[in-house]
Amino acid sequence: MIKSILDNDLYKFTMQMAVLELFPKAEAEYRFTNRGSQRFSEGFVEELRRVIDEEISALMLTEDEYHWLGENCSFLKPMYLEYLKNFRFKPGEVKVCLTEEKELDIRIKGPWHSTILWEIVLMAVVSELYFTTIEQEWNGNTKSSSTSESVLAAYGEKILEIGKALEENGCLFSEFGTRRRRSFELHDQVMKTLLPIKTLTGTSNVYFAKKYGLKPIGTVGHEWVMGTSALIGLRYANRFAFENWVEVYKGDLGIALTDTFGSEAFFKDMDLKLSKIYDGFRHDSGDPFTFVDRVIDHYRKMGIDPMKKVIVFSDALNAEAAIRLKKYCLGKINCSFGIGTSLTNNSDFFRESPPLNMVIKLHSVNGIPVVKLSDSPEKETGERDALRVANYIVGRKGLDE
């Protein structure tokens, strides 16, 4: 299910390097949340433990992969590549169990720089295992451990249709679907199918970027800002986080994620210096059209031409939504799209078998609870009291609201 240590999203590696450089002694805990109605089984848990103990623990960077990273990811420093060369997943960092309600409980705990790589890998495995051990019958793929050739072929036609629609409308897009893919085989089919599409700019999956000669795409995730809030301070966590990112990457990887504590808190912290240094902003929650107007207003107030900047949209996108946003941004600001589950686990194709709606989020750093507030209430994560305090500190709610 996981073919290589690079079968992961680029931003996990870039954040790992930043954590190693700035917070090497930080301890972290992550927790799994299932937002959907699907339930799991003891057999599922046993197989997940086996994959963690036997397969993921055996992953290591090959010489070929080591040299490819050095040649294609110049922002990754030689000392970090040496660290990654010696990195091994530690199964003891992951605890898995099943609750009485048949909910999956996953907790990851250990040094932040070590535990940071588990998130995407575990989510990809949970998703694929679910569709091979629990929900086994979908689109003719009956009780099989691998995706049938007929499903792969039909799915390729669906993805080609999506890719051509994006291309015809001038939508620059990257593939972002590792975490909720139905299977590795299906993901591979997606990448092969999309290769002829001229507006495909790359993939977040480093393994597939290497395999198909694409650009690996990614910068930073919510956990960078969340962790910063515990280690440095919550009130100006966005500012601290993105100033530290510049310290590590010197202006490279310049797309700032906006919604960790809500976009209002983000824009208050994004001063003139940071607004000029960063190439653009990533939208991941809330109304995207309102966000476009807010970003343009922010740049104009700073005296910056919005047409010299970019918005990267990545919130549960499909082709139709991307095309509408492309038209809305035309002549106002540049835009591109990170399209994930719609490509690797398309709900229109698998109508009777929807993808899992799950996340693995940072829960605490050095024992201090962290939260994600988001611009969409249903995406909030964290302990109740921690959410209450965070909402108060960033000015979104009173303590008693």
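Two residues are in contact when heavy atoms lie within 4.5 Å. In this predicted model, residues 24 or more positions apart account for 76% of the contacts in the chain with a separation of 6 or more.

**The whole chain**

Begin with the entire chain selected and the secondary structure displayed. The chain contains 17 helices and eleven strands. Its radius of gyration is 20 Å, close to the 21 Å that the globule rule gives for 401 residues, so the chain is as compact as a globular protein of that length. Along the principal axes, the C-alpha trace spans about 60 × 50 × 50 Å.

Next, colour the chain by accessibility. Of the 401 residues, 58% count as buried. The accessible surface comes to about 16,700 Å², and carbon and sulfur atoms hold 50% of that surface. A display of charged side chains will show 52 positive and 58 negative ones, with the centres of the two sets 4 Å apart.

**Helix H3 and its buried side**

Select residues 63–72, which form helix H3. Which residues of H3 are buried? They are Glu 65, Tyr 66, Trp 68 and Leu 69. These residues lie on the same side of H3, because they cover an arc of only 165 degrees around the axis. An α-helix has 3.6 residues a turn, so residues three or four places apart point the same way. To see what the buried residues of H3 pack against, add helix H4 (78–86) and helix H9 (206–212) to the selection.

**From strand S2 to strand S3**

Move on to Lys 102, in the loop between strand S2 (94–98) and S3. The phi of Lys 102 is near 65 degrees, a positive value in a residue other than glycine. Lys 102 counts as partly exposed, at 39% relative accessibility.

Continue along the chain to strand S3 (residues 104–111), where Lys 109 lies. Is Lys 109 buried or exposed? With a relative accessibility of 57%, Lys 109 counts as exposed. Leaving aside residues up to four places away in sequence, Lys 109 touches Ala 28, Glu 29, Glu 93 and Thr 115. For a distance across this region, pick the C-alpha atoms of Lys 109 and Val 126: they are 18 Å apart in space, and the two residues are 17 apart in sequence.

**Strand S10**

Keep Ala 28 and Glu 29 in view and select Ser 364, which is placed in strand S10 (residues 358–365). Ser 364 touches Glu 27, Ala 28, Glu 29, Pro 369 and Val 370, again not counting residues up to four places away in sequence. The relative accessible area of Ser 364 is 9%, and this residue is therefore buried.

**Helix H8**

Select residues 184–194, helix H8, and find Gln 189 within it. Gln 189 has a relative accessible area of 17% and is buried; the limit for a buried residue is under 20%. Its contacts, not counting residues up to four places away in sequence, are Leu 152 and Gly 156.

**Helix H10 and the loop that follows**

Select residues 222–231 for helix H10. How many of the ten residues of H10 are buried? Nine are, so the helix is largely enclosed by the rest of the structure. The buried residues are His 222, Glu 223, Trp 224, Val 225, Met 226, Gly 227, Thr 228, Ser 229 and Ala 230.

Then step into the loop between H10 and H11, where Ile 232 is found. Ile 232 counts as partly exposed, at 40% relative accessibility. Show its contacts with Phe 23, Phe 240 and Asn 244, not counting residues up to four places away in sequence. The C-alpha atoms of Ile 232 and Val 94 are separated by 27 Å, and these residues are 138 apart along the chain. Just after H10, Gly 233 takes a positive phi of about 155 degrees.

**Leu 253**

The final selection is Leu 253, in the loop between helix H11 (237–249) and strand S6 (255–257). What is the phi of Leu 253? The angle is near 50 degrees, a positive value in a residue other than glycine. Leu 253 counts as buried, at 10% relative accessibility.

Technical notes
Residues are numbered from 1 along each chain as its sequence is written. This is a predicted model: local features need pLDDT of at least 70, side-chain atom pairs count only at pLDDT 80 or more; totals for chains, interfaces and linings use all residues. Side-chain values use heavy atoms; hydrogens and water are left out. Helices (H or I, at least four residues) and strands (E, at least two) are DSSP runs, numbered from the N terminus. Buried means under 20% relative accessible area, exposed over 50%, partly exposed in between (1.4 Å probe, protein chains only). The arc is that of the directions from the helix axis to the C-beta atoms. The radius of gyration is taken over C-alpha atoms; the globule rule is 2.2 Å times the number of residues to the power 0.38. Accessible areas come from the Shrake-Rupley method with a 1.4 Å probe; for residues, only the protein chains shown count as cover. Lys and Arg count as positive and Asp and Glu as negative; His and the chain ends are not counted. The place of a charge is taken as NZ of Lys, CZ of Arg, CG of Asp or CD of Glu.
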